[in-house]
Amino acid sequence: MAKNLLIVESPAKAKTINKYLGKDFQVLASYGHVRDLKPKEGAVDPEHGFAMKYEVIERNEKHVDAIAKAAKQADDIYLATDLDREGEAISWHISEILRERGLDRGKRMHRVVFSEITPKAIKAAVAEPRQLSHDLVDAQQARRALDYLVGFNLSPVLWRKVQRGLSAGRVQSPALRMIVEREEEIEAFVAREYWSVEAQLKHAEGDFTARLTKLNGKKFEQFDLTNEHDAMTARAALKAAARGNLTVSEVGSKERKRRPAAPFTTSTLQQEAARKLGFSTSRTMKVAQGLYEGVALGSEGNVGLITYMRTDSTMLGDDAVAELRQVISREFGAKAMPDGPQVYKTKSKNAQEAHEAIRPTSALRTPREVAGFLNEEQRKLYELIWKRTVACQMIHATLNTVSVEFALKDVAGRDASFRSTGTTVIDPGFLAVYEEGRDQKAAEDEDEGRRLPRLVAGEVVPLHDILAEQHFTEPPPRFSEASLVKALEEHGIGRPSTYASIIQVLLNREYVLLDARRFKPTDVGRAVGKFLVQHFTRYVDYDFTAKLEDELDAVSRGEEAWVPLMERFWQPFKQQVDEKTESVDRSEATGARELGVDPKSGKPVSVRLGRYGPYAQIGDKDTDEKLQFASLRPGQSMHTITLEQAIELFKLPRKLGQAENGDEVSVGVGRFGPFVKQGSTYASLKPEDDPYTIELPRALQIVAEKLEMLANRVIKDFGNGVQVLNGRYGAYITDGEKNARIPKDVEPKDLAEAQCVELLAAAPVKKGRFAKKTAATKKAAAKKEPAAKKAEPKKAAAKKSAAKKTAAKKIATKKTATKKAAVKKAAARSGEA
């Protein structure tokens with residue numbers, strides 16, 4: 001047995017490191033987090049110094065047991081989890097588990113960190129271990145406690161006031177606010193008309209254009225011409241004054257230098273991967289994780305190709321810079337290299353511990369050399385990182401911008417002028433390798449690459465035409481993943497390790513959706529965002545959130561204690577939660593709107609947010625016995641729908657006619673979307689079918705397809721609840737509680753009852769909300785239990801009996817629990833990590 005145990009987070013990393021350290025080391029993986037707060041009320045106790053109650057995460061119990069078993073035999077234990085706060089906390093949790101089990105006695109415990117997985121870095125880290133940083137652990141514990149308390153206390157308020165099942169997060173809520181406020185800006189935006197004027201000029205060296213810059217003796221501004229009449233009048237006057245030619249009045253030339261972008265931080269990597277590769281933030285981090293942990297490079301074995309990918313530092317180590325300069329000299333020549341290293345200051349105001357930027361572990365491994373060992377996504381991301389890192393140590397690009405003025409006087413003798421600009425690259429420098437992407441192009445970008453003819457003052461250039469073009473101002477764009485990450489970083493919201501999870505949580509909760517790769521808030525998301533802004537303003541305030549991050553940073557540096565920080569947050573927060581729980585009206589919280597009056601009935605028409613989403617309503621619940629309801633159509637929002645659009649919704653259900661057997665056929669919209677109904681048969685419409693326009697023949701076809709599917713669904717039925725069915729993904733066996741796969745070499749229709757029972761016994765129990773059964777159903781199923789099942793081994797029977805008792809106990813508990821407890825329990829599940 002190895003004398004040294006080294007613990008990392010992932011099995012891929014363990015595999016790579018194992019070969020570097022030799023037989024004296026055993027390398028095991030924790031598979032991420034090993035403990036978390038107990039998912040129930042009281043896991044963080046504000047009354048007793050915010051004491052936190054942890055438990056081992058169920059899915060990682062076997063990995064924790066393997067670590068504990070190995071720790072018994074080891075003399076030295078090296079905690080080598082990731083080098084950020086989260087990694088420090090995982091190391092602390094492992095050490096606490098070992099201490100609680102009495103496995104730390106007589107052992108030497110070391111903390112080792114490294115930013116790249118290379119033999120040199122790993123051996124150096126093991127040779128110079130340190131102690132656990134309790135300041136970093138405290139900062140991470142405070143973050144976890146804050147997220148838990150916000151989720152556990154704010155989520156039930158949303159359940160009562162907005163919609164059941166909702167949750168709120170300390171960091172996600174300000175991000176949601178950003179998206180919602182941008183949507184409101186877009187909706188409130190009023191477009192303004194304006195006209196631009198451009199001269200089309202002809203020249204022997206190539207035609208070009210010039211923009212109007214002066215009109216009627218003064219600088220031409222964007223809104224000087226705001227209608228067609230004025231624009232055409234100005235165009236005619238300019239054409240008359242030009243008389244077919246424009247004369248060069250001035251030629252200017254300006255040389256400028258552009259520095260390369262800094263090497264990647266987590267934020268800038270996510271932004272560039274979104275712009276250039278179309279990767280989501282979570283995809284970027286997943287691919288980067290694989291490159292960091294190690295890729296098999298033929299005879300070299302597993303090699304970590306990039307440094308740690310969660311960092312907000314732009315620093316590069318001396319060895320890395322020396323290697324980059326070597327690569328630049330070899331690939332691009334000595335002239336592409338500056339006299340000394342390029343140094344970049346970290347822009348993030350909340351920069352964490354001084355890590356290196358994201359870079360290749362060895363720039364000598366060019367993208368073309370490793371491409372054969374990488375999948376397509378890995379290849380693209382590695383090439384992006386390699387090019388950005390190499391470019392950051394190259395000389396600046398030298399650009400030359402030429403500006404040509406064409407002055408003239410209009411028929412009234414007033415000054416007017418046109419200007420044409422073009423930018424050419426004199427020395428590409430770093431641009432030969434890499435150019436940073438941008439979300440929106442600046443005016444100067446349009447001139448780049450445009451070469452003007454050689455012109456001199458006094459030269460007369462033939463005028464082909466003068467064009468006036470109509471434009472309208474545009475609203476601010478919705479956030480893309482790149483621009484949202486940039487905005488979060490600029491506001492100091494979140495940290496490098498959290499940007500991807502912030503976005504993923506908003507998508508998973510369906511608070512936002514991606515429309516043309518840009519974030520659009522859903523009606524539920526808008527209701528939650530507006531509710532939090534109106535009633536918990538402080539806690540979705542950008543400055544407040546950033547200040548809290550600053551304070552957590554101070555804890556990580558040992559400058560501030562974490563418990564006083566928690567107390568300052570908790571007292572006013574809890575007071576506000578209690579107050580709003582009692583005082584806020586639900587209709588106000590959900591954003592319900594009165595649209596007007598139904599012309600047929602004279603009753604009020606409103607839109608509201610219900611359990612299954614937004615809907616329109618005709619009638620007033622306080623005065624009308626019978627109300628009419630209609631779901632909104634896909635793409636409609638309760639915040640923008642008009643009265644006319646809402647009234648259209650009540651045309652459903654529509655009667656389409658009769659089937660051949662006399663059954664009435666109708667179409668409507670239900671909880672699961674639009675459907676056709678023929679007699680007692682329901683069939684969902686296909687995505688391409690519109691319930692408002694679908695006709696009888698198509699509706700009958702959809703029903704026929706459904707009936708055919710149902711007829712062919714049952715392959716075998718043994719009459720005791722056990723069936724062989726055709727499913728969405730092929731044939732399978734079910735008894736109503738468990739599903740079992742059919743072996744590939746077995747024909748479904750040839751299965752015998754005993755075979756099905758055996759396969760069901762070996763199948764895993766379904767988990768999640770869809771596995772729940774009522775007590776009555778289970779009782780009925782028990783009565784029909786086949787003889788073959790009774791003959792199963794005792795161990796299996798005992799296991800099933802225990803499972804039934806547990807299920808019964810859970811059902812009984814659920815029935816007797818108070819509503820308040822149920823709300824809090826669900827809120828615990830939605831608490832943030």
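## Exercises on a predicted model

Glu510 is found in the loop that runs between helix H15 (499-508) and strand E18 (512-515). This model is predicted, and the exercises below walk through a few of its features.

**Exercise 1. Work out what the backbone and the surroundings of Glu510 look like: is Glu510 buried or exposed, and what is the sign of its phi?**

Start with the backbone: phi of Glu510 is positive, about 60°, although Glu510 is not a glycine. Next, set this against the general rule: most residues other than glycine have a negative phi. Then turn to the surface. The relative accessible area of Glu510 is 56%; the cut-off for exposed is over 50%, so Glu510 is exposed.

**Exercise 2. Find the loop that holds Tyr31 and assign its exposure class.**

First, locate the residue: Tyr31 sits in the loop between strand E2 (25-29) and strand E3 (35-37). Its phi is near 60°, a positive value in a residue other than glycine. Now the class: Tyr31 has a relative accessible area of 38%. Partly exposed covers the range between 20% and 50%, so Tyr31 is partly exposed.

**Exercise 3. Say which kind of peptide bond joins Leu652 and Pro653, and place Pro653 among the secondary structure elements.**

Look at omega, which is about 0° for this bond; Leu652 and Pro653 are joined by a cis peptide bond. For comparison, most peptide bonds are trans. Then place the proline: Pro653 lies in the loop between helix H20 (643-648) and strand E24 (654-658).

**Exercise 4. Describe how helix H6 and helix H16 cross, and which residues make the contact.**

Begin with the axes. Those of H6 (residues 172-188) and H16 (residues 523-535) come within 9 Å and cross at roughly 105°. Angles of 65 to 115 degrees count as roughly perpendicular, so H6 is roughly perpendicular to H16. Next, list the partners: H6 contributes Ser173, Leu176, Arg177, Val180, Glu183, Glu184 and Glu187, while H16 contributes Gly525, Arg526, Val528, Gly529, Lys530, Leu532 and Val533. Finally, sort the residues of this contact by type: five are nonpolar, three polar and six charged.

**Exercise 5. Which residues touch the most other members of the largest nonpolar core?**

The core has 108 residues, and Phe531 and Met566 touch the most other members. Helix H5 (residues 134-161) supplies the largest share of this core, with 12 residues. Now zoom in on Phe531: beyond four places in sequence, Phe531 touches Val157, Leu158, Lys161, Val162, Phe536, Val584 and Ala589. A second, separate core holds 61 residues, including Ile122, Phe279, Ile306 and Leu316. As a general background, nonpolar side chains tend to be buried together in soluble globular proteins.

**Exercise 6. Set two strand residues side by side: what are the exposure classes of Asn4 and Asp36, and what do they touch?**

Take Asn4 in strand E1 (residues 4-8) to begin with. Its relative accessibility is 13%; buried means under 20%, so Asn4 is buried. Beyond four places in sequence, Asn4 touches Asp24, Phe25, Gln26, Ala74, Asp76 and Tyr78.

Move on to Asp36 in strand E3. At 25% relative accessibility, Asp36 counts as partly exposed. Outside its neighbours within four places in sequence, Asp36 is in contact with Lys53, Tyr54, Glu55, Ile57 and Arg144. As a last step, check a distance: the C-alpha atoms of Asp36 and Met52 are separated by 9.5 Å, with the two residues 16 apart along the chain.

Key. Residues numbered from 1 in each chain as written. Predicted model: local features only at pLDDT ≥ 70, side-chain atom pairs only at ≥ 80, totals over all residues. Heavy atoms only, no water. Axes fitted to C-alpha atoms, helices over the stretch in contact; angles between N-to-C directions. Helix = DSSP H or I, 4+ residues; strand = E, 2+ residues; numbered from the N terminus. Parallel < 35°, antiparallel > 145°, perpendicular 65-115°, else oblique. Contact = heavy atoms within 4.5 Å. Nonpolar A, V, L, I, M, F, W, Y, C, P; charged D, E, K, R; others polar. Core = buried A, V, L, I, M, F, W, Y, C linked by side-chain atoms within 4.5 Å. Buried < 20%, exposed > 50% of the residue type's maximum accessible area, 1.4 Å probe, protein only.
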